[in-house]
Amino acid sequence: MNIASFFSDLWADVTTQVAAVPATALWPLAAVVVCLVVPLLWHVVRHVVTIAHEAGHALVAALLGREVRGIRLHGDTSGLTTHVGSSKKIPLALVAFAGYPAPAVLGLGAAALLGVGYAYALLWVVVVVLVLVLVQIRNVYGFLVMVLAVGGFGWLASYAPDVWRVGVAYGVAWLLLLGSVRAVVELSRSRRTPAGRGSDADALARVTRLPGAAWVGVFWLVTVTCAAGGAWLMLGDGIAV
């Protein structure tokens, strides 16, 4: 296959609309719920939420003119985005705030794409985002995780049967939406221990007048609102019935 043919096929793929009934979103939802409640499965799929979290930090830092030095992903599913620049409080607060809402906002965007039928396009968007994060990775574990993610989603977007592509697209949206809520719940629990006092909420508390607990509440409100909005976009017709 030559390059022109590849891009022609790619364009046809991303512009194809898939007519899906609300039930199409239910079995991926069930699979994601299982992943959320089974600790071993959650440990695996939480990497997707962490990647989106760190991408949020990196994107906002770059948009505010800060230099992004790199992203690290760790085996405990935590992550770290390193950036340098102005020490002004507002940019620092915006970068710190971006992490926890990022998966939820991306999930809402994914649900919006699915709501108008662009399931295949969503998978290619995921591949592009993963590649952009990959070039910022600065540790071996994170590099291996990202290579596996890019390879897996690249194969799904290119070669998987259509039913699987649609199902995975819905699964990604549900995982980002619901996983972001669970991540905030974990944040709330971890802040009760000394080891959890270095969180984004605490970073926000240091540069604003709001305590960390209040920022956890803001994260919870944003993620739950996005989850509700995403569910409506994917299941709205079914709920109405």
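**Overall fold, helix H3 and the E1–E2 hairpin**

Read from the N terminus, the elements of the protein follow the order α-α-α-β-β-α-α-α-α-α-α-α. The radius of gyration is 18 Å, close to the 18 Å that the globule rule gives for 241 residues, so the protein is as compact as a globular protein of that length. The model discussed here is a predicted one. In total, the protein has ten helices and two strands.

A few global values help to set the scene. Along the principal axes, the C-alpha atoms occupy a box of roughly 50 × 45 × 30 Å. Of the 241 residues, 45% are buried. Among contacts with a separation of 6 or more, 72% are between residues 24 or more positions apart. The protein exposes an accessible surface of about 12,400 Å², and carbon and sulfur atoms contribute 71% of this area.

Helix H3 deserves a closer look. This helix covers residues 39–63, and at 1.5 Å a residue its 25 residues should span 36 Å. The C-alpha atoms at its ends lie 35 Å apart, which agrees with that expectation. H3 nevertheless has a bend, of about 35 degrees, at valine 45. Just after the helix comes glycine 65, whose phi is positive, at about 85 degrees.

The two strands offer a pleasant change of scenery. Strand E1 takes in residues 67–73 and strand E2 residues 79–84. E1 and E2 run antiparallel and are joined by six bridges. Within this pairing, glycine 70 stands opposite threonine 82, a residue of E2. In a regular strand, side chains point in alternation to one face of the sheet and then the other.

What lies between the strands of the E1 and E2 hairpin? The hairpin has five residues there, and threonine 77 takes a positive phi near 75 degrees. Threonine 77 is placed in the loop between E1 and E2, and its positive phi occurs in a residue other than glycine. Is threonine 77 buried or exposed? With a relative accessible area of 6%, against a cut-off of under 20% for burial, threonine 77 counts as buried.

Taken together, these details give a handy route through the model. The path leads along H3 with its bend at valine 45, past glycine 65 with its positive phi, and on to the antiparallel strands E1 and E2, where the loop between them holds threonine 77.

Methods
Residues numbered from 1 in each chain as written. Predicted model: local features only at pLDDT ≥ 70, side-chain atom pairs only at ≥ 80, totals over all residues. Heavy atoms only, no water. Helix = DSSP H or I, 4+ residues; strand = E, 2+ residues; numbered from the N terminus. Expected span 1.5 Å × (residues − 1). Bend = angle between axes of the 7 residues up to and from the residue. Rg over C-alpha atoms; globule rule 2.2 N^0.38 Å. Buried < 20%, exposed > 50% of the residue type's maximum accessible area, 1.4 Å probe, protein only. Contact = heavy atoms within 4.5 Å. Areas by Shrake-Rupley, 256 points an atom, 1.4 Å probe, with all protein chains shown as cover. Pairing = 2+ DSSP bridges.
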